Amino acid sequence: MANRTPAPEKRPGFFSQIKSLFRFTREVYPWLPWAQIALLVLGVLLGLIVGYLIPPFQIWTLILWAISGLMVGVLGSMFLMTRLSTSAMYQKIEGRPGAAGHVMSTSLGRHWSATDAPVGINPKTQDAVYRTVGRGGVVVVGEGARGRLTRLVNDERSKAARVAHGVPVTVLYVGTGEDDLRIADLAKTIKKLPKAIDKATMGAVLRRIESVSQSISSLPIPKGIDPTKVRAQRPR
């Protein structure tokens, strides 16, 4: 009897991703459909105006300009939805355990290395510490109450400074307090750090830190952030 190989997982199509992204964003911004319709209408009107003003005036050129304006409106509505979907994601995950790890693992780009797993955690309070290594050095991010995070953050900062001598170590606290960094500003704050090390040094630092890091696989990971539910898939 021939062995049956499992069928490859079918990825959602382009229009399915668009539909998913639209529904996700509309949950936070109910006025999204009306804004998109307004952009489409505006695009057509601009196309008609341009077609009317540019001589010679002919019906078929007016129709072509209207279609061109419609395409511009479609692009504008897609751009609006994409920008709002990012904002909607931040609003949904702010204040939830694991939000910092989710953002760091998905939004920092290729110049930074991070995972959504914390490097330190308080199982009772779910206060957690995350770490990323990149061209800007080492960044330690505390998520939770600052008072309860002091020991965890200091331990991770000391560890990084010990194995990566001379590499800058930046500490950030994510939260909604007066002196805390909002989750929506986390990725751009990290990416704005000035470049302090080259790519080779970054790899060496990453290997050193990982070699001395204690495993926390037996500790419970903060629950509450489900990327498949929080982050809508974007069209490709």
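Contacts between residues 24 or more positions apart make up 66% of the contacts in the protein with a separation of 6 or more. The model under view is a predicted one. This tour moves from the whole chain to a central helix, then to its partners, and finally to several single residues.

**The whole chain**

Begin with the entire chain in cartoon representation. Eight helices and five strands make up the secondary structure of the protein. Followed along the sequence, these elements come in the order α-α-α-α-β-β-β-β-α-β-α-α-α. If the chain is then coloured by accessibility, 36% of its 236 residues count as buried.

**The largest nonpolar core**

Next, select Ala-100, Val-103, Val-141, Leu-172, Ile-183, Leu-186 and Ile-190, and show their side chains. The largest nonpolar core has 29 residues, and these seven touch the most other members. At least two residues of this core come from each of helix H1 (14-28), helix H3 (59-93), helix H4 (99-107), strand S3 (128-134), strand S4 (137-143), strand S5 (169-174) and helix H6 (183-191). The greatest contribution is that of H3, which supplies six residues.

Now centre the view on Val-103. Beyond its neighbours within four places in sequence, Val-103 is in contact with Tyr-90, Ile-93, Leu-108, Ile-183, Leu-186 and Ala-187. Apart from the largest core there is another, of eleven residues; to find it, select Val-133, Ala-160, Val-167 and Leu-206, which are among its members.

**Helix H4**

Return to H4 and isolate it. Why can H4 be described as largely enclosed by the rest of the structure? The reason is that seven of its nine residues are buried. Select Ala-99, Ala-100, Gly-101, His-102, Val-103, Met-104 and Ser-107 to display the buried residues of H4. After the helix comes Gly-109, whose phi is positive, near 85°.

Ser-105 is the next residue to select, and it too is found in H4. Is Ser-105 buried or partly exposed? With a relative accessible area of 33%, Ser-105 is partly exposed. Leaving aside neighbours within four places in sequence, the contacts of Ser-105 are with Ala-114, Thr-115 and Asp-116. A distance label from Ser-105 to Ala-187 joins residues 82 positions apart along the chain, and their C-alpha atoms are separated by 9.7 Å.

**H4 against H6**

Add H6 to the selection. Two packed helices are described by the angle between their axes and the distance between the axes. For H4 and H6 the angle is about 45° and the axes are 10 Å apart. H4 is therefore oblique to H6. The crossing in which H4 passes H6 is right-handed.

To see the residues at this contact, show Ala-99, Ala-100, Val-103, Met-104 and Ser-107 on the H4 side, which meet Ile-183, Leu-186, Ala-187 and Lys-191 on the H6 side. Sorted by class, the contact of H4 with H6 has seven nonpolar residues, one polar and one charged.

**H5 against H7**

Hide that pair and select helix H5 (residues 146-163) together with helix H7 (residues 199-212). The two pack at an angle of about 130°, with their axes 9 Å apart. Because of this angle, H5 is oblique to H7. The crossing of H5 and H7 is right-handed.

Which residues make the contact between H5 and H7? From H5 come Glu-156, Lys-159, Ala-160 and Val-163, and from H7 come Arg-208, Ile-209 and Val-212. By class, the contact of H5 with H7 has four nonpolar and three charged residues, with no polar ones. Ala-160, in this contact, is also one of the members of the eleven-residue core.

**Two last stops: Gln-36 and Met-71**

Move to helix H2 (residues 32-53), where Gln-36 lies. Gln-36 has a relative accessible area of 12%, and since buried means under 20%, it is classed as buried. Neighbours within four places in sequence aside, Gln-36 is in contact with Phe-22, Ser-77 and Met-81.

Finally, select Met-71, which has its place in helix H3. Met-71 is partly exposed, with a relative accessible area of 45%. Draw a distance from Met-71 to Leu-40: the two residues are 31 apart along the chain, and their C-alpha atoms are separated by 8.1 Å.

Conventions: Residues are numbered from 1 along each chain as its sequence is written. This is a predicted model: local features need pLDDT of at least 70, side-chain atom pairs count only at pLDDT 80 or more; totals for chains, interfaces and linings use all residues. Side-chain values use heavy atoms; hydrogens and water are left out. Helices (H or I, at least four residues) and strands (E, at least two) are DSSP runs, numbered from the N terminus. Buried means under 20% relative accessible area, exposed over 50%, partly exposed in between (1.4 Å probe, protein chains only). Contact means heavy atoms within 4.5 Å. A nonpolar core is a set of buried Ala, Val, Leu, Ile, Met, Phe, Trp, Tyr and Cys residues joined through side-chain atoms within 4.5 Å. Axes are lines fitted to C-alpha atoms, for helices over the stretch in contact, and angles run from 0 to 180 degrees between N-to-C directions. Angles under 35 degrees count as roughly parallel, over 145 as roughly antiparallel, 65 to 115 as roughly perpendicular and the rest as oblique. A crossing is left-handed if the near helix is turned anticlockwise from the far one by less than a right angle, and right-handed if clockwise. Ala, Val, Leu, Ile, Met, Phe, Trp, Tyr, Cys and Pro count as nonpolar, Asp, Glu, Lys and Arg as charged, and the others, Gly among them, as polar.
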